[in-house]
2 protein chains.
Amino acid sequence: MRKIITISREFGSGGRELGKRLAEALGMAYYDREIVTALAEKSGLAEEYIENVSERGIPRYYPITYARTFTRLPAFSEPHMKVLNEQNRLLLELAGKSDCVIVGRCADVILREYQPLKLFVYASPESKMQRCRLREEEGRHYTDRELKRRMAQIDSGRARYRELTDGNKWGEKSGYHLCINTTELEIKSLVGAVCEFASCYFDEKKQGMRENH
Amino acid sequence: MRKIITISREFGSGGRELGKRLAEALGMAYYDREIVTALAEKSGLAEEYIENVSERGIPRYYPITYARTFTRLPAFSEPHMKVLNEQNRLLLELAGKSDCVIVGRCADVILREYQPLKLFVYASPESKMQRCRLREEEGRHYTDRELKRRMAQIDSGRARYRELTDGNKWGEKSGYHLCINTTELEIKSLVGAVCEFASCYFDEKKQGMRENH
């Protein structure tokens, strides 16, 4: 039985770190940036563009060098849709290969046939600001206001993409098995509990499959 | 350091069972019906009335034998408010005595000074219906429609009381540390994961207190 864990998360909540650590602890593959790189290689589009399309949606018009011309592409243009379709195909391919943890990209929806364990990771605005500051790239400093706007933009892109994908509300707890508030908690200290929950979920799933056969 | 776990839950989600099992596993006191009994003894009011007031709110007018007269009491009448005040006093007294798990009664708000671990337990409507059927009292059978109405009434009472108590939305995940979807899961299989999460929460709380002193 294939075991897939999908992680949806608010920007700055530590969901990515949790995903990485879970994959490590459970000996599962981990996919996040790898997906962007693979799509960029395949399509010849810039990684930055892919990253924006890949799960956040993009601004209505996005400047990009495409087919050697500098242009502004509308959201849901042909290359945009191609990236999303290619991404969905890649997610299904990866899930078919081995057990894995996938962060973002509406993987919970795209891989629904696999009945993944669906986690949502969130935190208080203050805690998310603090986490963002800690991982700020060197030489790059956002003001508080800029950072807040960036967080809101990214999350609303994720929400929009999710709603377009399956009509459900991003972050609405009924769509997830476990919603984890990371405020004031160290991500690494949470791994044991989440692994325990995952093994309980997969055990019941296995039993359910047995009973249905 | 006092350890308090509060459990808010949708009717039929198995939150009460989870609370009992957690208390047992962690060697903590467990309070739920005990509060109703203590309040009934103290006030001389019927347990059924107390139970309705205690966390669900009550219908606008509630028929009751009060001071030997059969009457209809408005919600937030004097006896109603007395019961709620007495309940809050009792919650604080119990929390002062020992580590404990408390189910419902807005204990997460009333005991906020203790920084309790706040859990929210929920499930899909179908799963809640099924759990309710399993624990239906003998000789009492609700139709599906009656059961759905009862579930909605009880949850909306809980939501109303919560909103009156602290202005926050009942079930809104930002108000809780962990939201657990029990759909298709056996409650007893979840205990290990939640204990693990609790110990992680209390460890960080302890460390935080140490750093502040």
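**Exercise 1. Two arginines around one aspartate**

Take A:Arg105 and A:Asp32 in this predicted model and decide whether they are buried or exposed; then work out which contacts the side chain of A:Asp32 makes with arginines.

*Solution.*
Step 1. Start with burial: A:Arg105 and A:Asp32 are both buried. For A:Asp32 the relative accessible area is 2%, and the cut-off for buried is under 20%, so this residue falls in that class.

Step 2. Look at the pair itself. A:Arg105 and A:Asp32 form a salt bridge, with 3.1 Å between the closest N and O atoms. A:Arg105 sits in the loop between β5 (100-103) and α5 (107-110) of chain A, while A:Asp32 sits in the loop between β2 and α2 of chain A. The two residues are 73 apart, and their pair links distant parts of the chain.

Step 3. Now turn to the other arginine. The side chain of A:Arg16 also meets that of A:Asp32 in a salt bridge, at 2.6 Å from N to O. Because A:Arg16 belongs to helix α1 (residues 15-26) of chain A and A:Asp32 to the loop between β2 (29-31) and α2 (33-43), this pair ties together parts 16 residues apart in sequence.

Step 4. Check the accessibility of the second arginine: A:Arg16 has a relative accessible area of 32%, so it counts as partly exposed.

**Exercise 2. A salt bridge within a helix**

Find where B:Glu17 and B:Arg21 lie, and say how accessible B:Glu17 and B:Arg21 are.

*Solution.*
Step 1. Both residues belong to helix α1 (residues 15-26) of chain B. They are four residues apart, about one turn of the helix.

Step 2. Their side chains meet in a salt bridge of 2.8 Å, N to O.

Step 3. B:Glu17 has a relative accessible area of 33%, which makes it partly exposed. B:Arg21, at 33% relative accessibility, is partly exposed as well.

Step 4. For a network of such bridges, go to chain A: A:Lys42, A:Glu86, A:Arg89 and A:Glu93 are joined into one by salt bridges that share partners. Over all chains, the whole structure holds 24 salt bridges.

**Exercise 3. Where the chains meet**

Describe the interface of chain A and chain B: how much area is buried, how many salt bridges cross it, and which elements of chain A take part?

*Solution.*
Step 1. Begin with the extent. Chain A and chain B each bring 24 residues to the contact. Together they bury about 2000 Å², with 61% of that on carbon and sulfur atoms.

Step 2. Sort the interactions. There are zero salt bridges between chain A and chain B, but 15 residue pairs are in polar contact across the interface, counting pairs with both residues at pLDDT 80 or more.

Step 3. Assign the elements. On the side of chain A that touches chain B, β6 (117-122), β7 (178-181) and α8 (187-211) each give two or more residues. The most come from α8(A), which gives nine. By class, this side of chain A has 12 nonpolar, six polar and six charged residues.

Step 4. Finish with the strands. β7(A) pairs with strand β7 (residues 178-181) of chain B in the antiparallel sense, over three bridges. At one of these positions, A:Cys179 has B:Cys179 in β7(B) as its bridge partner.

How values were computed: Residues are numbered from 1 along each chain as its sequence is written. Chains are lettered from A and ligands numbered from 1 in the order in which they are written. This is a predicted model: local features need pLDDT of at least 70, side-chain atom pairs count only at pLDDT 80 or more; totals for chains, interfaces and linings use all residues. Side-chain values use heavy atoms; hydrogens and water are left out. Contact means heavy atoms within 4.5 Å. Buried area is the accessible area (1.4 Å probe) that two parts lose on being put together, summed over both. A salt bridge is a side-chain nitrogen of Lys or Arg within 4 Å of a carboxyl oxygen of Asp or Glu. A polar contact is a pair of N or O atoms within 3.5 Å; within protein, one must be able to donate a hydrogen and the other to accept it, and residues adjacent in sequence count only if both atoms are side-chain atoms. Ala, Val, Leu, Ile, Met, Phe, Trp, Tyr, Cys and Pro count as nonpolar, Asp, Glu, Lys and Arg as charged, and the others, Gly among them, as polar. Two strands pair if DSSP finds at least two bridges between them. Buried means under 20% relative accessible area, exposed over 50%, partly exposed in between (1.4 Å probe, protein chains only).
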